Amino acid sequence: GEKNDAPKQYQTPDQAAEIKEEEDWMDYQNTLTSALPEDLQHIPFAYKRPSENEMLKRSQEYYEMVNGRRTIRFFSPDPVPIDVIKNIIKAAATSPSGAHTEPWTYVVVQDPDVKAKVRQIIEDEEEINYKKRMGQQWTTDLKPLRTNWIKEYLTDAPYLVLVFKQMFSLKEDNTKKIHYYNEISVAISYGIFLTAVQNAGLVGLTSTPLNCGPALRNLLERPPSEKLMLLCPVGFPAKDATVPDLERKRLEDVMVLF
Ligand code: IYR
């Protein structure tokens with residue numbers, strides 16, 4: 001489109017910060033378009049109320065299921081059917097989102113060559129992170145978890161799932177749709193993704209590759225309107241996988257009842 005000299009208008013403060021990074025790439029003065037049709041119909045909600053006993057039972061069982069989840073750093077190379085992964089991502093994509101903009105892209109990497117490239121990009125950056133960028137306090141805080149920049153799980157796990165937030169989208173007519181609350185929407189979706197991984201009997205590792213976003217975005221051919229939020233290897237745990245002996249906070253420490 002044609003550039004004009006008027007100051008750029010941003011809809012939200014966080015969007016201003018995000019968009020600034022990408023200004024060289026795209027023209028943000030596109031005509032705005034609404035996410036939803038103006039005449040969207042509202043229909044009755046079909047709902048069946050469970051009994052109190054049923055609610056107690058279901059809530060207890062769900063808690064026990066998700067409480068078995070651990071972040072796993074040692075993966076088996078055993079294959080997992082892609083249809084299981086598809087169901088998990090369908091579950092994640094049921095998440096609520098700002099103005100129903102569904103601002104997430106789940107990139108699933110199964111190709112061993114692409115996994116090797118992802119591993120190379122991440123290990124190169126993480127070595128600098130651990131040695132220089134993270135600083136004394138951060139590396140000291142992580143010591144008990146025994147993490148480092150060598151990440152075999154990135155080539156061992158059958159799938160790497162990379163979660164991108166879409167800061168906005170462009171329709172075919174080049175109008176721009178604003179993705180409200182895209183970051184928190186992706187975070188909620190990822191929470192559903194993780195419990196779906198657990199429910200399927202698989203394991204994952206929630207990671208936020210520091211400084212790797214643009215290189216991974218380019219490798220996976222995602223547009224500059226998307227930003228890498230999370231990377232999660234998914235698969236079976238290695239037979240000899242270990243986990244740190246951590247405890248979770250008690251209910252009294254996380255819930256306040258007024
Ligand atoms: N991104 C690094 C470091 C790291 C940071 C935190 I905070 C963790 O909880 C775990 C690791 C890595 O993946 O090793």
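Student: What makes E4 and E5 a pair?

Tutor: Two strands pair if DSSP finds at least two bridges between them. E4 and E5 (residues 176–178) are joined by 3 bridges and run antiparallel, so they pass that cut-off. Take Ser169: its bridge partner in E5 is Lys177. Keep in mind that this is a predicted model, where local features need pLDDT of at least 70, side-chain atom pairs count only at pLDDT 80 or more, and totals for chains, interfaces and linings use all residues. Residues are numbered from 1 along each chain as its sequence is written.

Student: And why are the names E4 and E5 used at all?

Tutor: Strands are DSSP runs of E with at least two residues, helices are runs of H or I with at least four, and both are numbered from the N terminus. The protein has 9 helices and 7 strands.

Student: Which strands stand at the edges of the sheet with E4 in it, and why?

Tutor: That open sheet has 3 strands in the order E1-E5-E4, with mixed pairing. E1 (32–33) and E4 (168–170) each have a single partner strand, so one side of each lacks a neighbour in the sheet.

Student: What is the other sheet like?

Tutor: It's open too, with 4 strands in the order E2-E3-E7-E6 and antiparallel pairing. Here E2 and E6 are the edge strands: each has a single partner, so one side is left without a neighbour in the sheet.

Student: How do you know that E7 pairs with E3 and with E6?

Tutor: Count the bridges. E3 and E7 are joined by 8 and run antiparallel; Phe164 has Leu228 in E7 as its bridge partner, and Leu162 stands opposite Leu231 in E7. E6 (residues 203–204) pairs with E7 over 2 bridges, also in the antiparallel sense, with Val203 partnered by Gly235.

Student: What makes E7 "mostly covered"?

Tutor: A residue is buried if 20 or more other C-beta atoms (placed from the backbone) lie within 10 Å of its own, exposed if 12 or fewer, and partly exposed in between. In E7, 8 of the 10 residues are buried. For the protein, buried residues make up 22% of the 258 residues.

Student: Which residues of H3 are buried, and how do you know that they share a side?

Tutor: In H3 (residues 82–92), they are Ile85, Ile88 and Ala92. They cover an arc of only 60 degrees around the axis, which puts them on the same side of H3; the arc is that of the directions from the helix axis to the C-beta atoms. The face turned away from that buried side carries exposed Asp83, Lys86 and Lys90.

Student: What covers the buried side?

Tutor: Among the covering elements are E2 (104–109), E3 (159–166), H7 (182–199) and E7 (226–235).

Student: Why is Glu126 listed around the ligand, and what kinds of residues are in that shell?

Tutor: A residue is near a molecule if its C-beta atom, placed from the backbone, lies within 6 Å of it. Glu126 is in that group, along with Leu142, Leu145, Thr147, Ser207 and Leu210. The shell divides into 3 nonpolar, 2 polar and 1 charged.

Definitions and conventions: Ala, Val, Leu, Ile, Met, Phe, Trp, Tyr, Cys and Pro count as nonpolar, Asp, Glu, Lys and Arg as charged, and the others, Gly among them, as polar. Two residues are in contact if their C-beta atoms, placed from the backbone, lie within 7 Å.
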